[in-house]
Structure formats: structure tokens, C-alpha cells
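Colleague: I should be grateful for a close look at a single part of this protein, with enough of the whole described to place that part. Please write for a student in the first year.

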Amino acid sequence: MLFVEYPKCTTCKKAKKWLEDHKAEFDDRDIKLQNPTAEELKAWHQNSGLPLKRFFNTSGMLYKSMQLKEKLPDMSEEDQIRLLATDGMLVKRPILVKEDQVLVGFKEAEWEKML
């Protein structure tokens, strides 16, 4: 499994501790140091079954400063994916990737099913 996180994020810390407590094996990736590529984001979006908007960190300062709430509805999915790939701080986290399953955000019940 791949665990994509921002180490300073309290939700990410909670999710990582949960994974460790459940003895899950995972590769850890700092989203700020190694931003997901457009190709990864496209695959994760397809495998998650979620609307693309769920991949945006809507509470983040960068999202707000770029006024993306107003801009996203007029952008194509391709443009949104390219935008997400420009900066890890735009991407909602944590993300848990296991083969063809992807979870965005931390909800224990969903994570429990994936393990």
C-alpha cells in the first residue's frame, strides 16, 4: 500500500498511527516533497470512484488564495488533474492506495474495509 501524507497534518498523523496500530505494511510518501503526477492522480481518481472535487484540499490556504471554488466548475477534468499535479498542498490527504482501490481522507470504517 501507498500512504500519501503531509507529515504536519494532524489527520495524516492520526491515519498513520492507525495504520501502524493495525500492523499494516505501507510505503510512506510526503506529498509536499513528492507531489503526485497527473498520471497517478488520473488513475487514483478512476480507482476511487469519487468525484474529482474530492481530491482537492478545499480547506487549504492555497486552494482559497487561488479562488478555486469559483474556478473549478469551469475547468475540464484534465485541467483540474494538471492543476492538482502542480502542488501537493492542493491535494486532499491522506490518500491510501492499494492496487485498484483508493481512499481520500481518513475515515476509519473505510480504511478498515481496505485492510
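Modeller: The radius of gyration used here is taken over C-alpha atoms, and the rule for a globule is 2.2 Å times the number of residues to the power 0.38. The model under discussion is a predicted one. For 115 residues, the rule gives a compact globule a radius of gyration near 13 Å, and the protein has 14 Å, which agrees. Along its principal axes, the C-alpha trace spans about 40 × 25 × 25 Å.

The part chosen for the close look is N57, and the overall fold comes before it. The protein contains six helices and four strands. Read from the N terminus on, these elements follow the order β-α-β-α-α-α-α-β-β-α. Among the contacts with a separation of 6 or more, 63% are made by residues 24 or more positions apart. Of the 115 residues, 43% count as buried. The protein exposes about 6,800 Å², and carbon and sulfur atoms supply 50% of that area. As for charge, there are 20 positive and 20 negative charges, and their mean positions are 7 Å apart.

N57 itself is found in the loop between α2 (38-48) and α3 (61-65). Is this residue buried or exposed? A residue counts as buried when its relative accessible area is under 20%. N57 has 11% relative accessibility, and therefore counts as buried. Which residues does N57 touch, if those up to four places away in sequence are not counted? They are Y63, M89, L90, V91, K92 and R93. With M89 there is also a polar contact: a polar atom of the side chain of N57 lies 3.3 Å from the backbone oxygen of M89.

One of the residues touched by N57, R93, leads to a further feature of the backbone. R93 and P94 are joined by a cis peptide bond, with omega at about 0 degrees. P94 is placed in the loop between α5 (77-84) and β3 (95-98).

The helix on the N-terminal side of the N57 loop is α2, and E40 belongs to this helix. Residues between 20% and 50% relative accessible area are called partly exposed; E40, at 23% relative accessibility, therefore counts as partly exposed. A polar atom of the E40 side chain lies 2.9 Å from the backbone nitrogen of T37. Leaving aside residues up to four places away in sequence, E40 touches R29 and N35. E40 and A85 are separated by 45 residues in sequence, yet their C-alpha atoms are 8.9 Å apart in space.

Two other loops hold residues with a positive phi. Q67 lies in the loop between α3 and α4 (68-71). Its phi is near 55 degrees, a positive value in a residue other than glycine. Q67 has 47% relative accessibility and so counts as partly exposed. E99, in the loop between β3 and β4 (101-104), has a positive phi of about 50 degrees although it is not a glycine. Since its relative accessibility is 72%, E99 counts as exposed.

To return to the part requested, N57 is a buried loop residue. Its side chain has a polar atom 3.3 Å from the backbone oxygen of M89, and its contacts include L90, V91 and K92.

Note on methods. Residues are numbered from 1 along each chain as its sequence is written. This is a predicted model: local features need pLDDT of at least 70, side-chain atom pairs count only at pLDDT 80 or more; totals for chains, interfaces and linings use all residues. Side-chain values use heavy atoms; hydrogens and water are left out. Buried means under 20% relative accessible area, exposed over 50%, partly exposed in between (1.4 Å probe, protein chains only). Contact means heavy atoms within 4.5 Å. Accessible areas come from the Shrake-Rupley method with a 1.4 Å probe; for residues, only the protein chains shown count as cover. Lys and Arg count as positive and Asp and Glu as negative; His and the chain ends are not counted. The place of a charge is taken as NZ of Lys, CZ of Arg, CG of Asp or CD of Glu. A polar contact is a pair of N or O atoms within 3.5 Å; within protein, one must be able to donate a hydrogen and the other to accept it, and residues adjacent in sequence count only if both atoms are side-chain atoms.
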